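Trainee: Could you pick one part of this structure and look at it closely with me? I'd like to see how that part fits in with the rest.

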Amino acid sequence: MKIIETKGITYLEKLDHSQEWYWGTDYSMGDLYEAENAYNSGHEVKPNRLIFVHFPDGKVVEPIRATKNQYFGLPAFIDNVIYILLVDFDEKLIKLFDCSVDLN
């Protein structure tokens, strides 16, 4: 049995269209829609964490960290690249990152 340290993220889901990546988040303020509602109601948005776990070696990768009033949406895997959606409520921007993960 392999122990994977996720620092509090208790649920991992297979990344669609990938045979070797799983992802997980802590949804600290619910999903992205709920985080937006909280922000629009005058609340500070506590950022969620987004991790990826490589199978079969179990390497955990957290390529981007959100800050106050930023929140991750669902990641996507297209043509061997992981895409990460990050909403920045203060800047009123949706940012899309492409992430080539180095496993060495």
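Mentor: Gladly! Let's begin with the words: helices (H or I, at least four residues) and strands (E, at least two) are DSSP runs, numbered from the N terminus. By that reading, the chain has one helix and eight strands. Along the sequence their pattern is β-β-α-β-β-β-β-β-β. This is a predicted model, in which local features need pLDDT of at least 70 and side-chain atom pairs count only at pLDDT 80 or more, while totals for chains, interfaces and linings use all residues. Residues are numbered from 1 along each chain as its sequence is written, and side-chain values use heavy atoms, with hydrogens and water left out.

The part I'd choose is strand S7, which covers residues 81–88. S7 is mostly covered, with six of its eight residues buried; buried means under 20% relative accessible area, exposed over 50%, and partly exposed in between (1.4 Å probe, protein chains only). Across the whole chain, buried residues make up 36% of the 104 residues.

Now for the partners of S7. Two strands pair if DSSP finds at least two bridges between them. Strand S5 (residues 70–72) pairs with S7 over three bridges, in the antiparallel sense, and here Tyr71 stands opposite Val87 of S7. Strand S6 (residues 76–78) is also joined to S7 by three bridges, again running antiparallel. In that pairing, Ile78 faces Val81 of S7. Then comes strand S8 (93–99): seven bridges join S7 to S8, and these two run antiparallel as well. Find Tyr83 and you will see Asp98 of S8 opposite.

Look next at the turns on either side of S7. The hairpin of S6 and S7 has two residues between the strands. One residue to find in this loop is Asp79, whose phi is near 50°, a positive value in a residue other than glycine. Asp79 is exposed, with a relative accessible area of 70%. The hairpin of S7 and S8 has four residues between the strands, and there Lys92 takes a positive phi near 55°.

What does S7 bring to the interior? A nonpolar core is a set of buried Ala, Val, Leu, Ile, Met, Phe, Trp, Tyr and Cys residues joined through side-chain atoms within 4.5 Å. The largest such core has 14 residues, and Ile82 and Ile84 are among those with the most contacts inside it, as are Leu15, Trp21, Leu50, Phe52 and Phe72. Strand S2 (21–25), S3 and S7 each give two or more residues to this core. S7 gives the most, with three residues. There is also a second, separate core of five residues, which includes Ala35, Tyr71, Val87 and Phe89. You have already met two of those names, since Tyr71 and Val87 stand opposite each other.

One buried residue of S7 does not have a nonpolar side chain to offer: Asp88 is found in this strand and counts as buried because its relative accessibility is 5%. Contact means heavy atoms within 4.5 Å. Leaving aside neighbours within four places in sequence, Asp88 is in contact with Asn69, Gln70, Leu93 and Lys95.

Step past the end of S7 and you reach Phe89, in the loop between S7 and S8. Phe89 is buried, with a relative accessible area of 8%. This residue also belongs to the one aromatic pair that a search of the whole structure finds. Rings of Phe, Tyr and Trp (its six-membered ring) pair if their centres lie within 6.5 Å; planes under 30 degrees apart count as stacked, over 60 as edge-to-face and the rest as tilted. The rings of Tyr39 and Phe89 have centres 5.2 Å apart and planes at 20°, so they are stacked. Their pairing links distant parts of the chain, because Tyr39 sits in helix H1 (residues 32–40), 50 residues away from Phe89.

Finally, compare S7 with what lies elsewhere. Strands S1, S2, S3 and S4 form an open sheet in that order, with antiparallel pairing. Strand S1 (13–14) and strand S4 (60–61) are the edges, each pairing on one side only. Two bridges join strand S3 (residues 50–54) to S4, and Val53 stands opposite Val60 there. In the loop between S3 and S4 you will find Pro56, joined to Phe55 by a cis peptide bond with omega about 15°.
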